[in-house]
Amino acid sequence: MEYPVYLQMTETENVVAVQGPSRFWEGQKLGQRVLQHDVVCHTWPERQRVLDMLEPDGPWTRISKESFNRVWSPGVEEPDLEFEAHVELARWTTFGISSKARWFARVTTLTQLRAALAWAKEREVPLLVLGGGSNMLLHGDVHALVLQVDIRGVDVSPQGATGAIVSAGAGEPWHGFVMQTLDEGWHGLENLSLIPGNVGASPMQNIGAYGVEVKDHFAWLDAVRIEDGALERFDTSNCQFGYRESVFKREERGKWIIVRVAFHLDRESPLRMGYGAIEHELASIPVERRTHRDVSEAVIRIRQSKLPDPTVVGNAGSFFKNPTVPAAVAQKLAEAHPSMPQYPQEGGAVKLAAGWLIEQSGWKGHSRETHGVHEKQALVLVHFGGATGQEVWALAQDVMASVHGKFGVQLEPEVNQIQMHPSA
Ligand code: EPU
């Protein structure tokens, strides 16, 4: 069968577009409004519903795409989609560096997002998608349409006796979402407490901390293709997760906007306390009494003691990735520097601690008045106020050159470097 199949229920204005055997979009007209649902059928009875709709003798009649669209999106642009010009971006990124967006729009629905994409395509304006703005350094003004994706909503679909698939709109702030899952007893994300940014950005770079990564609980994500506005679902294998990596940072870079992310959570998810600092923080609580909430609180205390709060001092978390080197190189480095932390990886390579390398190169706490290297964690570059993105980038390059000079190891930024000024 060729999808989508467009249908209308007899004598009503309810329409569906069947996207495949286990997914359909449903539009229900309610007065002047249209309720739009994107329904994914996880179980057999739900899939049977799709088959029933496609039955030729049933209450659903085939209609054209145009008839479907007349109900689904009646052609009126949603009124609150505004395109603002020359918008200051300092408050939209956690670095808090001043930079102007040529165009700026905030989208809260799929329809608005598609309208904004069409607007940019028509004018041949490039796009910059902002989630929480927690992983980017803007090198100058942004000659683009900056889209703030503020699609919200958390949805729980119970699975088996103790599990659930919990999904959240891309615009939900990550930490608030983690707290909500814990409040409701859906466990698994507690080690990722207090990470800045929004849900939509979390799979992009497979955020991770204290022994857990997004990929460990990832179920699926929905993303809109920038080219044509099509909505597609990605599972774990399509996302190709790696350390601070996914397909969205590589082959599919700049092609998709993530709108919803779902996680496998479980009331009985095991507590993960293997990371030394967590065990140390929880030492006063007997092992059998420790809860997921305790782990979350321990992570919050550790993060607060080492990492600067972006609402107080501008930063984007770890500015550099921890580098990986071949075993032979690691061996030589260990001989020359016996105290160097090394983390052997599957396949024989060895991960090094960029923070340690930077500290040993003398940069921890280094200050250039407006910006510098954090005094408690050398992986983090900080912005005290008044620096340009290029100045912060110059500091990052000095740090990289110095680490390379001392250890022969090339650091790579983890934070996205954004250069979209007219001359770039
Ligand atoms: N270290 C130093 N000096 C420093 C910082 C670290 O000597 O200034 C040493 C530490 O003593 C330790 C080793 O380096 O022996 C590793 O440090 P830590 O355990 O603090 O973790 P990290 O490698 O610095 C990574 C993530 C963090 C995440 C923590 C905890 C990366 C790039 N960073 O940091 O992620 O919170 O582990 O899991 O992988 C982020 O991505 O923004 C971030 C903060």
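**Figure 1. Hairpin joining β2 to β3 in the predicted model.** Two residues form the connection through which this hairpin leads from β2 to β3. Strand β2 comprises residues 15-20 and runs antiparallel to β3, to which five bridges join it. Within this pairing, A17 of the structure stands opposite W25, a residue of β3.

**Figure 2. Hairpin of β3 and β4.** Strand β3 spans residues 23-30 and strand β4 spans residues 33-40; the two pair in the antiparallel sense over eight bridges. F24 has V39 as its bridge partner in β4, and L30 is partnered in β4 by R33. Two residues lie between the strands of this hairpin, and G31 adopts a positive phi near 60° there. Strand β3 thus appears in two views, paired antiparallel with β2 and antiparallel with β4.

**Figure 3. Cis peptide bond from Y3 to P4.** The bond has an omega near -5°. P4 belongs to the segment that precedes β1, the strand of residues 5-9.

**Figure 4. Backbone of Y210 in the loop between β13 and β14.** The flanking strands are β13 (208-209) and β14 (212-213). Y210 is not a glycine, yet its phi is positive, at about 50°. Y210 is also among the residues that come nearest to the ligand, and the next view shows its backbone contact with a ligand oxygen atom.

**Figure 5. Polar contacts between the ligand and Y210, R244 and K306.** A backbone N or O atom of Y210 is placed 2.6 Å from an oxygen atom of the ligand. In R244, an N or O atom of the side chain lies 2.8 Å from an oxygen atom of the ligand. For K306, the distance from a polar side-chain atom to an oxygen atom of the ligand is 2.7 Å. On its own the ligand has 820 Å² of accessible area, of which the protein covers 81%.

**Figure 6. Composition of the shell around the ligand.** There are 23 residues around the ligand, and those that come nearest are Y210, Y243, K306, E359 and A378. By character, the shell contains 12 nonpolar, five polar and six charged residues. At least two shell residues are supplied by each of α7 (292-306), β18 (314-318) and α9 (354-360). The greatest contribution is that of α9, which gives three residues. In terms of domains, domain 2 (154-305) and domain 3 (308-418) each provide at least three residues of the shell.

**Figure 7. Domain 1 and domain 2.** The protein is divided into domain 1 (5-72), domain 2 (154-305) and domain 3 (308-418). A separation of 32 Å lies between the C-alpha centres of domain 1 and domain 2. Their contact involves five residues from domain 1 and six residues from domain 2. Domain 2 is also one of the domains that contribute to the shell around the ligand, together with domain 3.

Conventions: Residues are numbered from 1 along each chain as its sequence is written. This is a predicted model: local features need pLDDT of at least 70, side-chain atom pairs count only at pLDDT 80 or more; totals for chains, interfaces and linings use all residues. Side-chain values use heavy atoms; hydrogens and water are left out. Two strands pair if DSSP finds at least two bridges between them. Helices (H or I, at least four residues) and strands (E, at least two) are DSSP runs, numbered from the N terminus. A residue is near a molecule or strand if one of its heavy atoms lies within 4 Å of it. A polar contact is a pair of N or O atoms within 3.5 Å; within protein, one must be able to donate a hydrogen and the other to accept it, and residues adjacent in sequence count only if both atoms are side-chain atoms. Accessible areas come from the Shrake-Rupley method with a 1.4 Å probe; for residues, only the protein chains shown count as cover. Ala, Val, Leu, Ile, Met, Phe, Trp, Tyr, Cys and Pro count as nonpolar, Asp, Glu, Lys and Arg as charged, and the others, Gly among them, as polar. Domain bounds come from an automatic or database domain assignment. Contact means heavy atoms within 4.5 Å.
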